[in-house]
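This briefing sets out selected features of one structure for a reader at the bench. The points are grouped by topic and follow the sequence and the structure shown here.

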Amino acid sequence: EVQLVESGGGLVQAGGSLRLSCAASGFTFDDYAIGWFRQAPGKKREGVSCISRKDGSTYYANSVKGRFTISSDNAKNTVYLQMNGLKPEDTAVYYCAADYRPCSWYYEYAYWGQGTQVTVSS
C-alpha cells in the first residue's frame with residue numbers, strides 16, 4: 001500500500017520558519033518525483049516545489065524561490081520542505097504527492113498525503 005504522511009505544520013509568525021516532512025512507504029522511493037502543493041481557503045491548489053529522485057533535480061514556484069528548500073533523506077524515505085521567511089500569503093494546507101513521472105505542475109499526481117495546516121500570522 002502506497003502511503004504519504006505529512007507533518008510539521010503549525011502556527012508561526014511572519015518571518016518565521018517551519019520544516020515540513022513527507023514520510024513515504026509502500027513504493028520504491030528513489031524512482032518517484034515528490035512534490036509539495038498547497039491550497040489556501042477559497043483558492044485553487046498550486047504547486048510549491050518538487051524533487052525528482054531519479055536525478056535529484058529540484059523545482060520551485062516563483063513565489064517561494066529563495067525562501068523554501070526541498071530535500072530528501074532516501075534512507076528514511078522522507079522528503080522535507082524547509083520554509084524560511086514565511087509570509088501570511090503562505091497560509092494554506094500543504095500536501096505532498098508522489099508520481100513515477102517527472103516533476104510537473106500540470107498533471108495529477110498518483111499518490112497524495114492527507115495534508116498539514118500552515119498558518120502564518122501578520
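In this predicted model, Arg101 lies over the face of Tyr107, at 4.0 Å from the ring centre. A further charge is placed over a ring at Phe37, where the charged end of Arg45 sits 5.7 Å from the ring centre. Both Phe37 and Tyr107 belong to a cluster linked by ring pairs, together with Tyr95, Trp105, Tyr109 and Trp112.

**Aromatic pairs around Phe37**

- The structure contains eight aromatic pairs.
- One of these is formed by Phe37 and Trp105, which meet edge-to-face with 5.8 Å from centre to centre and 90° between the planes.
- Phe37 belongs to strand 4 (residues 33–39) and Trp105 to the loop between strand 9 (92–99) and strand 10 (111–112), so this pair ties together parts that are 68 residues apart in sequence.
- Phe37 also pairs with Tyr109: the ring centres are 5.2 Å apart and the planes stand at 75°, so this pair too is edge-to-face.
- Distant parts of the chain are again linked, since Phe37 is in strand 4 while Tyr109 is in the loop between strand 9 and strand 10, 72 residues away.
- Why does Phe37 count as buried? Its relative accessibility is 4%, and the cut-off for a buried residue is under 20%.
- Tyr109 is likewise buried, whereas Trp105 is partly exposed, with a relative accessible area of 30%.

**Gly35 and its surroundings**

- Gly35 lies in strand 4 and is buried, with a relative accessible area of 0%.
- The C-alpha atoms of Gly35 and Tyr109 are 8.5 Å apart in space, although the two residues are 74 residues apart in sequence.
- Neighbours within four places in sequence aside, the contacts of Gly35 are Ser49, Cys50, Tyr95, Cys96, Ala97 and Tyr109.
- Cys50, in strand 5, stands opposite Gly35.

**Strand 5 and its partners**

- Six of the seven residues of strand 5 are buried, and the strand is thus mostly covered.
- Six bridges join strand 4 and strand 5 in the antiparallel sense.
- These two strands form a hairpin with six residues between them, and Gly42 in the turn has a positive phi of about 75°.
- Strand 5 also runs antiparallel to strand 6 (residues 58–60), to which three bridges join it.
- Ser49 has Tyr60 of strand 6 as its bridge partner.
- A hairpin is formed here as well, with five residues between strand 5 and strand 6 and with Gly56 in the turn at a positive phi of about 80°.

**The open sheet of four strands**

- Which order do the strands of this open sheet have? The order is 1-3-8-7, and the pairing is antiparallel.
- Strand 1 (3–7) and strand 7 are the edge strands, each with a single partner strand, so one side of each has no neighbour in the sheet.
- On average, neighbouring strands of this sheet are turned by 15° against each other, direction ignored.
- Strand 7 and strand 8 are paired antiparallel over six bridges, and the bridge partner of Ile70 is Leu81 in strand 8.
- The loop between strand 7 (68–73) and strand 8 (78–83) contains Asn77.
- Asn77 has a positive phi, near 50°, and is a residue other than glycine.
- With a relative accessible area of 26%, Asn77 is partly exposed.

**Nonpolar cores**

- In soluble globular proteins, nonpolar side chains tend to be buried together.
- The largest nonpolar core has 27 residues, of which Trp36, Phe68, Leu81, Met83 and Tyr94 touch the most other members.
- At least two residues of this core come from each of strand 3 (18–25), strand 4, strand 5 (46–52), strand 7, strand 8, strand 9 and strand 11 (116–121).
- Beyond its neighbours within four places in sequence, Phe68 is in contact with residues including Arg38, Val48, Tyr60, Leu81, Met83 and Tyr94.
- Another core, of seven residues, lies apart from the largest nonpolar core and has Phe37, Cys50, Ala97 and Tyr107 among its members.

Technical notes
Residues numbered from 1 in each chain as written. Predicted model: local features only at pLDDT ≥ 70, side-chain atom pairs only at ≥ 80, totals over all residues. Heavy atoms only, no water. Phe/Tyr/Trp six-rings, centres within 6.5 Å; stacked < 30°, edge-to-face > 60°. Buried < 20%, exposed > 50% of the residue type's maximum accessible area, 1.4 Å probe, protein only. Lys NZ or Arg CZ within 6 Å of the ring centre and 35° of its normal. Core = buried A, V, L, I, M, F, W, Y, C linked by side-chain atoms within 4.5 Å. Contact = heavy atoms within 4.5 Å. Pairing = 2+ DSSP bridges. Axes fitted to C-alpha atoms, helices over the stretch in contact; angles between N-to-C directions.
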